[in-house]
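Please open the model in your viewer and keep the sequence panel in sight. The stops below say what to select next and what is there.

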Amino acid sequence: MSTTAAVPTVADVVAELERRYPPTWAEEWDKVGLVLGEPGAPVRRILCVVDVVPETVAEALAAHADMIIAHHPLLLRGVSSVAPTTYKGRIIHQLIKADVALYVAHTNADVAVPGVSDALAARLGLTDLRPLKPSRPGTPAAGEGRGAGRVGELPQPLTLAELARHAAAVLPTTAIGVRAAGDPDRMVRTLAVCGGAGDSFLADATAAGVDAYLTADLRHHPTGEHLATGGPALLDATHWATERPWLDDVATGLRATLPGVETLVSDLDTDPWTVHAASPAAPERSAADDKEPRP
């Protein structure tokens, strides 16, 4: 009698993902779950990506992946056509023709424990984690430490300038790197983080009493007003770089629970900003610089 284990199917992978990231934890506006793929199709190789874009689809096809697990939904908003003459239609046609399944875990993975922000916090060495904004009581995701973002303690205090350099070194490499807002010499012991666009949690970072908050996609006016009203210092990384660490957790988890499935992680930088040129006369400022008389 053969003892060879059956090859997991798309349905098996979906069941494992939904055990870790139940779709009911997603925000009402979100679109998560299985997007494409026959539930009974075998899965031997999976590629984990942040974004479903032509470049990551090409990566999946070149790797002969049977399934893509993505963080960002391909079809977040309604469409009236998936014709191959459209951007998203071309992607869908490529995946269907190649028999590649597509699954999305988005805001349900954001609030999970461990989730997107836990992986980001781990890159920065944070300990004693708690949610930045706990899931609302009475919602499916409430309780057990779930919620948006994380708050934790750095292994040792760093100045804001040192923390920005540390974050740039430990996060995935991008052209833009990490920028910071606030006094470069401010000491940072407690840090809040949120993978992806986190400026909706600026008030929560202030309420948490942290020294600094690291997220992505911070905008000019909300940042300026936040600092002017005494909020913690801010660090702004790229959206892709703050969410890419989570892919390692997904791949490791599936590898452990679905033997025989090879899990790959895409390191393809899908951040749209590809060039960074520093101003030639913009040295780092310190608190001492601010005290010097200006001409």
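Start by selecting His-71, which sits in the loop between β3 (67-70) and α3. The model you are looking at is a predicted one. Is His-71 buried or exposed? Its relative accessible area is 0%, so His-71 is buried. Now show what surrounds the side chain. Apart from neighbours within four places in sequence, His-71 is in contact with Val-49, Val-50, Val-104, Ala-105, His-106, Ala-109, Asp-110, Val-116, Glu-243 and Trp-246.

Three of those names lead to the next stop. Val-116 belongs to α5, and Glu-243 and Trp-246 belong to α9, where these two helices are in contact.

**The α5 and α9 crossing**

Select residues 116-123 for helix α5 and residues 239-257 for helix α9. Their axes are 7 Å apart, and the packing angle is about 100°. Angles of 65 to 115 degrees count as roughly perpendicular, and α5 and α9 are therefore roughly perpendicular to each other. To see the contact, show side chains on both helices. From α5, Val-116, Ala-119, Leu-120 and Arg-123 take part. From α9, the residues are Thr-242, Glu-243, Arg-244, Pro-245, Trp-246, Asp-248 and Asp-249. Coloured by class, the residues of this contact come out as 5 nonpolar, 1 polar and 5 charged.

**A cis bond before α5**

Step back along the chain to Pro-114, in the loop between α4 and α5. The bond to look at is the one joining Val-113 and Pro-114, a cis peptide bond with omega of about 0°. Most peptide bonds are trans.

**The largest pocket**

Next, turn on a surface or pocket display. Rolling a probe the size of a water molecule over the atoms shows where empty space is left. The largest pocket has a volume of about 960 Å³. Which of its 40 lining residues are the closest to its centre? Select Glu-27, Trp-29, His-106, Thr-107 and Asp-110 to find them. Two of these, His-106 and Asp-110, are also contacts of His-71 from the opening stop.

Then colour the elements around this space. Those giving two or more residues to the lining are α3 (87-97), α4 (107-111), α5, β5 (127-134), β6 (147-159), β8 (187-197) and α9. Strand β8 gives the largest share, 4 residues. By class, the lining holds 18 nonpolar, 13 polar and 9 charged residues.

**Along β6 to Pro-157**

One of the elements of that lining is β6. Select Pro-157 in this strand. With a relative accessibility of 39%, Pro-157 counts as partly exposed. Leaving out neighbours within four places in sequence, Pro-157 is in contact with Met-187, Val-188 and Arg-189. Draw a distance from the C-alpha of Pro-157 to the C-alpha of Met-187: the two are 6.3 Å apart in space and 30 residues apart in sequence.

**Two positive phi values**

Go now to Asp-128 in strand β5. Its relative accessible area is 63%, so Asp-128 is exposed. The backbone is the thing to check here, since most residues other than glycine have a negative phi. For Asp-128, phi is near 55°, a positive value.

Follow the chain to Glu-144, in the loop between β5 and β6. Glu-144 also has a positive phi, about 55°, although it is not a glycine. A relative accessible area of 68% makes Glu-144 exposed.

**Ile-92 and the α2 and α3 pair**

Select Ile-92 in helix α3. Ile-92 counts as buried because its relative accessibility is 5%. Not counting residues up to four places away in sequence, Ile-92 touches Leu-36, Leu-74, Leu-75 and Val-82. From its C-alpha to that of Val-52 is 10.0 Å, with these positions 40 residues apart along the chain as the separation.

To end, add helix α2, residues 54-62, to the view. How do α2 and α3 lie, roughly parallel or roughly perpendicular? They pack at an angle of about 5°, with their axes 11 Å apart, and are therefore roughly parallel to each other. Pro-54, Val-57 and Leu-61 of α2 meet Tyr-87, Ile-91, Gln-94 and Leu-95 of α3. This contact divides into 6 nonpolar residues, 1 polar and no charged.

Technical notes: Residues numbered from 1 in each chain as written. Predicted model: local features only at pLDDT ≥ 70, side-chain atom pairs only at ≥ 80, totals over all residues. Heavy atoms only, no water. Axes fitted to C-alpha atoms, helices over the stretch in contact; angles between N-to-C directions. Parallel < 35°, antiparallel > 145°, perpendicular 65-115°, else oblique. Contact = heavy atoms within 4.5 Å. Nonpolar A, V, L, I, M, F, W, Y, C, P; charged D, E, K, R; others polar. 1 Å grid on protein atoms, 1.4 Å probe; cavity = no way out; pocket = protein on both sides within 12 Å on 5 of 7 lines; lining within 4 Å. Points joined across faces, edges and corners; volume = space filled by probe spheres on them. Buried < 20%, exposed > 50% of the residue type's maximum accessible area, 1.4 Å probe, protein only.
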